[in-house]
Amino acid sequence: MNHLSKHSVVLATLAVLFVSVIPLDASAGRGGGHARTSVNRGGSANINRNANVNRNANVNVNRNANVNVNRHVDVDVNHGWNHPVGTAVAIGATAAVVGSIIYSLPPSCSMVQSGGVTYQRCGSTWYQPRYAGSSVQYVVVNSPY
Amino acid sequence: MRLQPKRRIALILAGLALSGVVLAEDLGTVVTSTETPTIDPAAMQALNRMGAYLRGLKSFSLRADDAVDEVLDSGQKIQVTKTVELQVHKPDRLHADITTDRKAREIFFDGKHFTLLEPETRYFTTVAAPPTIREMLTAVETKYGIEFPLADLFQWGEDADAAADIQEAMLVGASKIDGQLANHYAFRQDEIDWQIWIAQGEAPLPLRYVITTKNEPGEPQYIANLTWDMQVKPADAVFTFTPSQDDHPIAIVVQDETPATQEGAAK
C-alpha cells in the first residue's frame, strides 16, 4: 500500500514503452466457432456470444508473446468457460484510462474494500473487478478516495 | 417398415435426387440407404424414458468430465476440458464446482439467489434469481451470459426439450461406459448431430453425450462423460452461499442491456 510512487514510475515507464491499447470493435472481435454444449438450449443461447467487445488487447506486447493465444482471445470471451482470456494481455499492459478493461492485474496490487465495493489498487491505478459472464475483468476506475 | 404410399414416393424421389441409392423392390417394400431420414421409434422411446426418469429425480450428485472444441479463425481446432461437480435438489437447489484447465468457479443457487464465486480470489457476486433451476439457468444465460454446464440434464423430459426437432434417430448398439452397460443412440437435427449413451436397466441415466455442431466451420464437438451418485443426498447447506470476511463482493455485467454497457463504460 505504501509503494505508490514506485509503482507510478513503473506505470509511467510501461505507458511510454508498451501501451497501445486498441479497443476492438465488435466485428474485429469476431472469432471462430464454438461447439454447442447443449442439445436443448443451443440455438438461442449463442446470441450474446460476443458481447464483450472492448477488450483492450495490447497488440505490441501480445504479438511477441503468443500469437495463437492472442488470436484465440477474440473468441467468445464471456460465454464459454474455457477461454484463456487475458493470459497474453497481462504483460505489464496497464492501461490507465478510466473505463478500460483488462483481464489480469499487473503484479503487486492490493485489494481494498470501500463502501461495500471491492477494488484492486495497483500503484496509482484503481481497478474494480467484476464478472463478465464467468470471467473476471478489471475496469479502471477513479480512486474512491 | 411400412410407409404410406405418398410418403414412399417422396422417399423414392428424394433418394433418387440425392444419390440414387434407393432400391424400390417388390410392391410394399422400400429398402433405403442410411442416408434417408428415418426415425427409429425405439430410439425416441429410449430418449423419452430417460427424460421421464431424469424428471423424476429429486436429489442427485454427479461428476461430469467434458471437452469442447473451439475453432480458431484459421480453422485450427483447440480442445478445452473441464470438470463439473454438481449437487442438485430439485426443483430449486443447485451447487456446482466447475474446474477448467484455466479457472475454477463455484455456483450456488438456493431458490432465491444465484451466486458466482471464484474460489481463489474469493470474488463473488450474488444476484436475485427465479425460483426454479430451469428458470434460473435461462436467466443467468440470457442476462449474464453464463453458459450453464450440463443444462441438458434439466431439459430432457420437459416440455421444452428438443425431441420435436429430431429428424433422424437410431440405435447404434450396446456398449459399455466405465463397465456399465449402455445403449448408444444417435440423433440428427438441423444444426447438430448428437449421440447419447443411456444406461441399461432400471435407471436409464445418460452416461455420455456428444454434440456435433454442423453449422460451424470444422464441425466442433462437445463431449461429456457423466458419473452419477444416486446415494449421497446433498445437504441443504451446500446450496446457500454465506459470505465471510474473506469474500469480496463484485458486480456482474448484464449482457442484454444497451451496447453502452458492453463497450465497457465504467459503472
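In which sense do strands β11 and β12 of chain B pair, and over how many bridges?

## The β11–β12 hairpin

In this predicted model, strand β11 (residues 192-199) of chain B and β12(B) pair in the antiparallel sense, and seven bridges hold that pairing. Within this pair, B:D193 stands opposite B:T212 of β12(B). The two strands β11(B) and β12(B) form a hairpin with six residues between them, and B:G201, which lies in the turn, has a positive phi of about 100 degrees.

## Strand β12 and its surroundings

On β12(B) there is also a pairing with strand β13 (residues 221-229) of chain B, again in the antiparallel sense, over five bridges. Here B:T212 stands opposite B:Q221 in β13(B).

Seven of the eight residues of β12(B), which spans residues 206-213, are buried, so the strand is largely enclosed by the rest of the structure.

## The sheet as a whole

These strands belong to an open sheet of 12 strands in chain B, with mixed pairing and the order β9-β10-β11-β12-β13-β3-β4-β5-β6-β7-β8-β14. The edge strands are β9 (168-177) and β14 (248-249) of chain B, each of which pairs on one side only. At the β14(B) edge, strand β8 (residues 123-128) of chain B runs parallel to β14(B) and is joined to it by two bridges, with B:F124 standing opposite B:P249 in β14(B).

## A helix on the sheet

Helix α2 (residues 41-56) of chain B packs on this sheet, where it touches β9, β10 (180-188), β11 and β12 of chain B, and the direction of helix α2 makes about 65 degrees with that of β9(B).

Notes. Residues numbered from 1 in each chain as written. Chains lettered and ligands numbered in written order. Predicted model: local features only at pLDDT ≥ 70, side-chain atom pairs only at ≥ 80, totals over all residues. Buried ≥ 20, exposed ≤ 12 C-beta atoms within 10 Å, placed from the backbone. Helix = DSSP H or I, 4+ residues; strand = E, 2+ residues; numbered from the N terminus. Pairing = 2+ DSSP bridges. Contact = placed C-beta atoms within 7 Å. Axes fitted to C-alpha atoms, helices over the stretch in contact; angles between N-to-C directions.
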